[in-house]
Each structure stands twice: as C-alpha cells, then as structure tokens.
Amino acid sequence: MTKTKRKKGKQLSLNMFRDDRIPKLMGVFCLLAAFYLLVAFTSYLFTWKIDQDKVLRFSWELLAHSEFEMANWLGRLGAIVSNGFFYWFFGVSSFLFVYVLGVIGVNQVKGRAFSSYWAGVRNPLIIMLFLSILFGFIFRTSNFPWGGSVGSNVSEWIVSFVGAPGMIALLIAMLVGVVIWTYNPDFNEMTMDSAMNDSRGFLGDLFSGRLRKRQARQAEAKRRLETLRPSNEQQKKEVPLLETATPESEVAEAPKVLEGEQLAFELEKKKREKPASLKVGESTLEIEEAAPSAASETTSDVEITPPKSPEPVAQTALQTENQNHSEPYDPTLDLSSYENPVLPLLNDYSEHKVEIDRAELEQNKDQIIETLLNYKIEITKIKATIGPTVTLYEIVPAPGVRISKIKNLEDDIALSLAALGIRIIAPIPGKGTIGIEVPNQNKQIVSLKEVLMHEKFKRAKMDLPIALGKTISNEVFVADLAKMPHLLIAGATGQGKSVGINTILMSLLYKKHPSQVKLVLIDPKKVELFPYSKLENHFLAYLPGLDEPIVTDTTKVVHTLNSLTIEMEQRYDLLKKAHARNIREYNEKFVARRLNPEKGHRFMPFIVLVIDEFADLIMTAGKEIELPIGRLAQLSRAVGIHLIIATQRPSVNIITGVIKANFPARLAFKVTAKVDSRTIIDTGGADQLIGQGDMLLSYGSDLLRLQCAFVDTPEVEKVIDFIGDQQGYAIPFFLPEFHGDEEISAKSGLKLSELDDLFDDAARMVVSNQHGSTSMIQRRLKLGYNRAGRIMDQMEALGIVGPSEGSKAREVLIYDEVELERYLEDIKSRK
C-alpha cells in the first residue's frame, strides 16, 4: 500500500509539473509580487526615516500586533519587506529585482522556456550586485542605505584590502570588463558617431538578453563584408562602367531583402546621353543587423552585366558552391522549437537498491576456496568485484595448476554455492586471473534514468549513443551504434529483449534531434512498438501510402526493406558526387555549405531499422526478407543506415551465416540451450545467465556481461507523449517508393509465345477458386512441379496473382472469370 501511494503521489506531482496552467499561475504570482515590491520600494524612498526605528527592532510579533502602525503605503508587511531589501541586502539597486520578477512573470504567462530568457534574468542580477557595491562605496557616509548591507560590507572590505584608489580602479575595471565581455565593441573601426549610436541600444540589449545575439550578428556582418569586399574591388577594376536599362524610379527600389540578410545598395547615379540608361559608379555595401539565415543559397534582383560576359555576376554564388556563406548550415533550425525529453519523465528505482551483505561475500569466498581445495586446487589470491546482479570473484591459482581443471568444476562450484547461473571465465582476457561469476541473492534494478543521468552518456560525442546498462563492475556502459554497425539481439521469451529495444530507442530519443536520426520500425507482433506511432512527424520514416507508420504486414515489410536498399543506393550516388567516403564526411561538407542543394545534395539523417521479431518474417517470407537484409547489412554502414534485429528463436535457419557474418555486434539474453548460445555469440555462456535483463554483449573477440537498464511501458509512453505533443515536421520522412509487382512485370519481358499451352486453363482455375497455389495446379492439371511453378511465375508476371508469401497461397488479384477473360484479351491484343 505504501509503495502504491508513493507511486500515485509521484504520478500526481509529475502531472502537475506538466500542466500548462502551473507556469501561467506562477507567472501571474511573479507579476503581482513585482507590482507589490515596486509600490513598497517606492514608498520606502519617502517613509524610511519614519519606519526605520520600528522595523530595525523587527520580530515576528510585529506582523501580528496591530498597535504597530507604519507609514509605508503597504502597511507593516510593506515596510518590513522593503527595509529587508534596502537595508539588509542591495539598497537602491533592489529595484532591479522588481524588473527580474516582471521578466519571469511575463515569460511564464506566455509559456516560454526558462532557457530562452535566462540572459534577461542573469544580466540585471549582475548589475544589481555591481551597483550595490558602487553605491556602498560612493555613499558610505550617508544615513540612507544606498548600497545596503551587501554593498557597504563588500566595499569596506575591498577598501581595507586595496585602499580607496584601488577600489576606484577596480570598479572602473569591472565596468569596462562587463561591457567588453557582453558587448565586445570593435575599437579598430569605432568612431564617436558609431559609439554614440551603439550605446543607445546597449542598456536595452543588456536587460533583454539580446547582447549575445547582437554580438553574433555584428561578427557575422563583418565576416560577410570582408568576404564581399575583394569581389567588389575586382569588379570595379574589370568593369569600370556598368550599364543597366532600369529607369530612375526603379533604381530607387534596388535594395533587395535577401533571405536572412538585408543588403542595401546605394547607387550613385549619373545621367548619360540616353535618358533611359544610367551609369552606376562605386556602390557602397551596408549590412544591417539581421538574423543570420540557414538558407543554402542567396540570389539578387540586381543584375550586373559586364560588357564581355552575358551571365549575371550574382550567379557566381551558385557556381562556387555557396562559398560566400560563412554561417554553417544547421539542420535543427527546421524544428528549432523542439526540446529533448526531460529525465523526470522516467521513474527512479533507487528505493529498490540493495546493498550486498559482506557476510554473503565472505561465505561465497570460503565456499569457492573449500570446493577448490577438495579437488586439490590451491589459490594464492581472491578478489571480489560487486555488480548489480552478479559478483565477479577473480582468483589467482597456485603455480602448476591447469586452467582446464578449474573450468571443469563449474557445476561443482554451483552446487556448493547453491546458486544458478555460475559462469567461469578462464582466463579473463587481459588479466592473469580466472573469473567466477556468482549471482547476488538480492538483485539490483538498473534504471534507465540512472544510466541517462551519468556523465558518460551526457558527454558522449557519438553519432548514435545507446546506453545499454551497467557492467559487472557497476560502471555505466555506453556504446556507439554507428560503430557496431548493426546489432543482433536474441534470447528466450520474457528475458528482456523488448525492454532492451526500448532502452536503445529511448537513448536515441533523449540524445538526438529529429533531424539527425530517423527510425524505421517493423513489428510483426503488432503490440510491442505501437506506442512509437505518435512520433510519426518527428522520428519515424516509412513508405508513403501506409495506413500506419509502424510496419506490421509481411508484404509491406518486404517493400520497406527494398525501399531502404533504394535509399542506400541513392545515398551512395550522392557520396560519389561529393567525393565523400561516408555519411560523416558528406554531412560535414553539407553543413559547411560546400555542396549545392540544387544539384540534389541534402543533409542525411542516420536511419535505424528495428525489427522486433525476425523469426516470424523469415518463416513467412524467407528469401524475400533475407536478401535485402543481407544487402543492407553488407553495404549500408557507410551511408548511415544501421540495423537492429531481435528474435526469440536463435536457430541456424533463422540466424543464417550471411546475417551472422555482417552482424559483428550481438546481444544475447538468457537462452535455454547451449547450442542457441553458440548460434548467437559463437560460444557458450548465454544459457547460464539468470534472466531479467542479464545479457552478454559480443563484439569481435570481446565478450562483456551487462545488466540491461530497465524502462517500463508507462515511462516509454510518457516520453513519447512529451515528444508527440511538440510541433513536428509538416511532412513525415518518406522512404523512396517501391513497386515490386510492376518491376517484376517490366523485367520479365514475357512474350505471348512464351506462355504455357495450359496457361489459360490454369488462370481460370486459380481465379474461380480464388486460391493461388502451385500444388493445386499440379494436382488438377496433372502437371509436374517445375511446369506448374513456371505457370505460376507467368501469372505473377502478368499481374494475375501476387508475389510468393512462403508456405501461404498467393493472393489472387483478379476476382471473377469475366474480368480475367477481358484482361487476357487485352494482353493478347497488345502483344
């Protein structure tokens, strides 16, 4: 009952935290508090002498007793609060605190994130502290608390430390330092007029938090001006007189607002003999303060035509592959308002943490030593490493002891410890010891929240970071899916495969922006991955025309896999044009604007294909699934397409040699037989796991035991709802279209003369029975299997029946014999 109440309390508090009304109410409260403090502070300026004697002898009884009358306009509370801010804290600069409350209140009412207006809060607080110290130093002999206790005490300490002249120099240095740090003026190009103009908006920018943006815009404008200067000078030398047939009225409208920047061309006009033509002299280029654009190209309506060159100079920006863009392309700007999920959405299982009893460790150590001594095996050293679910005992055998002798005692040690899942590692790679893994009596839950909070995941600079869980040494394990490059997951039913898939997907959702990664989800069971359908306009990629973004139908799975191969081939073509070897080099060139979108180039997100139950697809579709999977596994790594395949039947006919050869990274949960363990990771050990997320990760020659991070379905749904409630892309990420039937018909090149003599009879029989089976044709028409199969292939090529679905009968695409006769006559007339 207590745990249930705690969970309900946490759920209620989380719902209140996500309620949009709470920030608005907080904003209204901040605005009311700001107004109250403004009135109280203003009144204090006139009534402080009257109320000071009473307020300085403050006690909590002062608020309750009505005989204490105050001159402050807001009564006793107003006098006490204003005296606290003015006398005990920051003095007159406390008015800036009112401004801060107002900024917070307005932005909270509008529903803005705190990070968007943090600078507007931080800067006034810094100025408030600076002014408090300044006023405390200047008016240190005044009775009025200009700088408050903070300013007076700090200034007195500084004066006693560096003296009054040092204090003045320090204040000036602080003021200049703040201006330079936040405003970054350009002293080389500064004149008196420009300094006066820039200083007008300084205070407004400082309080509203626009200084950083203004600084970035000025630096950007300076870089663009320097970039354009050489071309302008060269243009002046090559083309001294430029003619244009534009009337004077249109020349006045020549300044053109380009994408992301405003370029004002001031053209000095001189009349020539012909009134319709103008001579354009030296044009001055002025760059206004506008937000930099992420557009891929710029064009101008002002066409400058030299006498010898018929092409406009403005087209050189496209011909040089956008080299004039100093601003890198940012793919996240298309969805700039997107916010990554927050950790409070996940549950914290710290209350379930169990500390290992030292008596248990000593008992296990004694049992291991005693068992080995019974077989006359001496050891010189033993060390225990405690993990969340298992404890690793490292032993150093005495000289002359054979390792195989200890390896053969695996069952005897398990019997003496009365524990399941004993695994002996003889020897431990990279160490001169032998490892004995013993399950803990009280297992520890490794929560996904705990793993994602770790600095190893937060600071991971990986393309596709996935937080799998913790090692047996209790360290967080984070891997890069892009380097694996594909992952095969296998294990018996109920051992944690679906939780492992959710852990991987949650890691990507918490770390990546929708523009950086796309997910192709295939779920033959139809119940495991369906919550992710809400991410249709954010993270999912699928074929156009599908009813739902999660692929469940076998036919659509075949089309999706073949569509991914088409996407892979298209990406390789783009890599070839860009002279890049992999997706990282290509995207770096595209971000640096060295690739032109008009030539077909685009930013490539990573694509992660997830198949939840691979065995069911192999049973129903066979080679139609295995062949595209094999191609993708062999070739798709360089273009950023990565596969995650899970199955609960790790048999040889499901995990074939082609798949194993191209999946170097394999994740094995508990299996029932040692042969299944060898099928997955080429060695035993998966059959000795204890279940519930206990797993072995095999990568190359390394074998690592992990405890998978746990994330429950309600947690997954909360994270998905958090993302799904945000604004997504207007158009989802569609994969290339794939038309399997049309391609088969086109490639077959079937001629009328090549049709079998019994083709018409077989087609009528299949349509009348609505059952496309080769064995039925074989039985009814008394044909051999090869000839019946050829007739079925011919019917598929002509579109009478659908493609093969394994052991199932083919779908009949024509519904009655009248339609069939009309269709056959039409084919014969065309042939």
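This is a short tour of a predicted model, one selection at a time.

**Stop 1: the whole chain**

Start with everything in cartoon view. You're looking at 831 residues, of which 44% count as buried. Colour by secondary structure and you'll find 30 helices and 21 strands. There's plenty of long-range contact here too: among the contacts with a separation of 6 or more, 67% involve residues 24 or more positions apart.

**Stop 2: the nine-stranded sheet**

Now pick out the open sheet whose strands run in the order E12-E11-E20-E19-E18-E13-E17-E16-E14. Its nine strands have mixed pairing. Which strands sit at the edges? They are E12 (476–480) and E14, and each of them pairs on one side only. As you step from one strand to the next, the twist averages 30°.

Next, add helix H19, residues 554–578. H19 packs on the sheet and touches E14, E16 and E17. Compare directions, and you'll get about 160° between H19 and E16.

Then add helix H18, residues 497–511. H18 lies across a whole set of strands: E11 (465–471), E13 (487–490), E14, E16, E17 (641–647) and E20 (702–708). Its direction runs at about 130° to E11.

**Stop 3: edge strand E14**

Zoom in on residues 517–522, which make up E14. Is this strand mostly covered or mostly open? Mostly covered: six of its six residues are buried. Show the side chains and you'll see Val517, Leu519 and Leu521 pointing one way, while Lys518, Val520 and Ile522 point the other way. Yes, Lys518 is on the buried list as well.

Bring in the partner strand, E16 (residues 606–611). E14 and E16 run parallel, joined by six bridges. For one matched pair, select Leu519, which stands opposite Val608 in E16.

**Stop 4: the nonpolar cores**

Switch to spheres for this one. The largest nonpolar core has 103 residues. Leu487, Tyr532, Leu609 and Ile625 have the most contacts inside that core. Which helix gives the largest share? H19 does, with eight residues.

Click on Leu609 to see how busy the spot is. Skipping its neighbours within four places in sequence, Leu609 is in contact with Val520, Ile522, Leu561, Leu564, Ile629, Leu632, His642, Leu643 and Ile644. You met Val520 and Ile522 a moment ago, on E14.

There's also a second, separate core of 22 residues, and Phe759, Met795, Leu820 and Ile827 are among its members.

**Stop 5: two crossing helices**

Hide the rest and keep H27 (residues 759–769) and H29 (residues 785–797). Their axes are 10 Å apart, and the helices pack at an angle of about 75°. Angles of 65 to 115 degrees count as roughly perpendicular, so that is the label for H27 and H29.

Show side chains where they meet. From H27 come Phe759, Ala762, Ala763 and Val766; from H29 come Ile791, Gln794 and Met795. Sorted by class, this contact has six nonpolar residues, one polar and no charged ones.

**Stop 6: the four-stranded sheet**

Move to another open sheet, in the order E7-E8-E10-E9, where the pairing is antiparallel. At its edges stand E7 (379–386) and E9, each with a single partner strand, so one side of each has no neighbour in the sheet. Ignoring direction, neighbouring strands are turned by 20° against each other on average.

Look closely at E7 and E8 (residues 390–397), which pair over seven bridges in the antiparallel sense. Select Ile379 and you'll find its bridge partner, Pro397, in E8. Helix H13 (residues 358–374) lies across E7, E8 and E10 (434–439), running at about 40° to E8.

**Stop 7: two buried charged residues**

Stay with this sheet and select Arg423, in strand E9 (residues 423–425). Is Arg423 buried or exposed? The cut-off for buried is under 20% relative accessible area, so Arg423, at 8%, counts as buried. Beyond the residues up to four places away in sequence, Arg423 touches Glu410, Gly435, Ile436, Glu437, Gly685, Gln688, Leu696, Leu703 and Arg705.

For the last selection, jump to Glu626 in helix H22 (residues 623–635). Glu626 counts as buried too, at 13% relative accessibility. Leaving out residues up to four places away, Glu626 touches Ile618, Thr656 and Val658.

Definitions and conventions
Residues numbered from 1 in each chain as written. Predicted model: local features only at pLDDT ≥ 70, side-chain atom pairs only at ≥ 80, totals over all residues. Heavy atoms only, no water. Buried < 20%, exposed > 50% of the residue type's maximum accessible area, 1.4 Å probe, protein only. Contact = heavy atoms within 4.5 Å. Core = buried A, V, L, I, M, F, W, Y, C linked by side-chain atoms within 4.5 Å. Axes fitted to C-alpha atoms, helices over the stretch in contact; angles between N-to-C directions. Parallel < 35°, antiparallel > 145°, perpendicular 65-115°, else oblique. Nonpolar A, V, L, I, M, F, W, Y, C, P; charged D, E, K, R; others polar. Pairing = 2+ DSSP bridges.
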